[in-house]
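Dear colleague,

I am handing over the structure we spoke about, so that you can look through it alongside my notes. Please open it first, and then read on for what was found in it.

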Amino acid sequence: MPTELAAVQIPESEIAIINQFLDTIWLDDGLASNTIESYRRDLLIWAGWLYTERQQPLLAADRDAMQAFLARQSRDMKASTLARRMASLRKFYRQAVLNLQISIDPTAELTSPRRVRPLPKALSEDRIEALLAAPDVDTPAGLRDRAMLELMYATGLRVTELVTLSVHEVYLPERYIRVVNGKGGKQRLVPIGEWATEWVERYLRDARLSLIKHSSEACLFVNQRGEPLTRQGCWFIIKQYAAQADIPAELLSPHVLRHAFATHLLNHGADLRVVQMLLGHSDITTTQIYTQIAAARLKSLHQSHHPRG
């Protein structure tokens, strides 16, 4: 039970309304259990405040009460948490309108607080080179790992996209891969460079056949048991080689090579729209966060090397 609800006794009728809503969105949207629990927590906190401070049931809440609640909440929490709480309330009341439980949505004119997105961690090109050179390519697993890391850095693939990539989606003579977007199933074609092409060719020729157990296995990258590599397995491999390359743990994330791909492209003059296409972002604003890193890098270079920097 959240601390904000510790001393609040919410009527069972209100809890039943929340549970009904959660059942509906679970069935309709197929949301993960963690997402459902976030909705539950936010709505219980709102219902508890509404019952205690305004003596109002959920379905009788008005815009004034909601603004007072959010103003109080904003004193003690990050903008990102407040934005998520507002999203929960919007979802609940929009569903209530659809169910004809209410006629007016009290969240209709609310303004979300601006969410400040943290800059993704970006490794320098020197550190990326050290990471790529870490695997022992005299072993099948090491050769697999070198090919995997080179391909991730060359293409900016998400981890999910990498581990689901099949042999038939890799076109080495033409130097491109066909990627199924890990967020929505859209497809895109991504070019791969000479280095990544050579390492993937070596892996396919000298290592993959000794790792797979069944010739029918379609996934490009497999683990020591010959099964498709998992997201967790890929992340474990990256962490191992990062430690060997003396890369600090705080600079690591599952997207470390994806972030480096985007940042280094922009640092070397790539157009933002091209990077957006290669990353598979549907919205240019998602890609623009990388320009902040590139701009900071260019400013640092200018200050270091320009006579009037």
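**The nonpolar cores**

The largest nonpolar core has 51 residues, and among these M148, Y203, F221 and C234 touch the most other members. At least two residues of this core come from each of α5 (125-132), α6 (140-155), α7 (159-163), β2 (176-180), α8 (194-206), α10 (231-244), α11 (256-267) and α12 (272-279), and the largest share, seven residues, is supplied by α6. Please bear in mind throughout that this is a predicted model.

Y203 is a useful residue to centre the view on: once its neighbours within four places in sequence are set aside, Y203 is in contact with L143, R144, A147, R208, L211, L220, F221 and V222. Apart from the core described above, there is a second, separate core of 29 residues, which includes I10, L43, M86 and F92.

**Helix α11**

The helix α11 has 12 residues and spans 16 Å from its first C-alpha to its last, which is close to the 16 Å expected at 1.5 Å a residue. Because 10 of the 12 residues of α11 are buried, this helix is largely enclosed by the rest of the structure. The buried residues are V256, L257, R258, H259, A260, F261, A262, T263, H264 and L266, a list that includes R258 and H259 as well as L257 and F261. Just after α11, G269 adopts a positive phi of about 95°.

**The loop between α4 and α5**

Two residues of this loop may be worth your attention. D105 is found in the loop between α4 (79-98) and α5, and although D105 is buried, it has no salt bridge, since the cut-off for one is 4 Å and the nearest side chain of opposite charge, that of R94, is 4.2 Å away. The side chain of D105 is nevertheless joined to that of T107 by a polar contact of 2.7 Å, and, not counting residues up to four places away in sequence, D105 touches Y93, R94 and V97.

A108 lies in the loop between α4 and α5 as well, and it counts as exposed because its relative accessible area is 60%. Its C-alpha atom is separated by 8.7 Å from that of R63, although A108 and R63 are 45 residues apart along the chain.

**Salt bridges**

The structure holds 10 salt bridges, of which a few are described here. The side chains of D145 and R144 meet in a salt bridge, with 2.8 Å from N to O, and both D145 and R144 are buried; R144 is also one of the residues in contact with Y203.

The salt bridge between the side chains of R205 and D206 has an N to O distance of 3.2 Å; here R205 counts as exposed, at 55% relative accessibility, while D206 counts as partly exposed, at 43%. R225 forms a salt bridge with E227, in which the closest N and O atoms are 3.3 Å apart; R225 is exposed, with a relative accessible area of 55%, and E227 is partly exposed, with a relative accessible area of 39%. Finally, D42, R84 and R85 are linked in a network of salt bridges.

With best wishes

Notes. Residues numbered from 1 in each chain as written. Predicted model: local features only at pLDDT ≥ 70, side-chain atom pairs only at ≥ 80, totals over all residues. Heavy atoms only, no water. Core = buried A, V, L, I, M, F, W, Y, C linked by side-chain atoms within 4.5 Å. Buried < 20%, exposed > 50% of the residue type's maximum accessible area, 1.4 Å probe, protein only. Contact = heavy atoms within 4.5 Å. Expected span 1.5 Å × (residues − 1). Lys, Arg positive; Asp, Glu negative; His and termini not counted. Polar contact = N/O pair within 3.5 Å; in protein donor to acceptor, adjacent residues only side chain to side chain.
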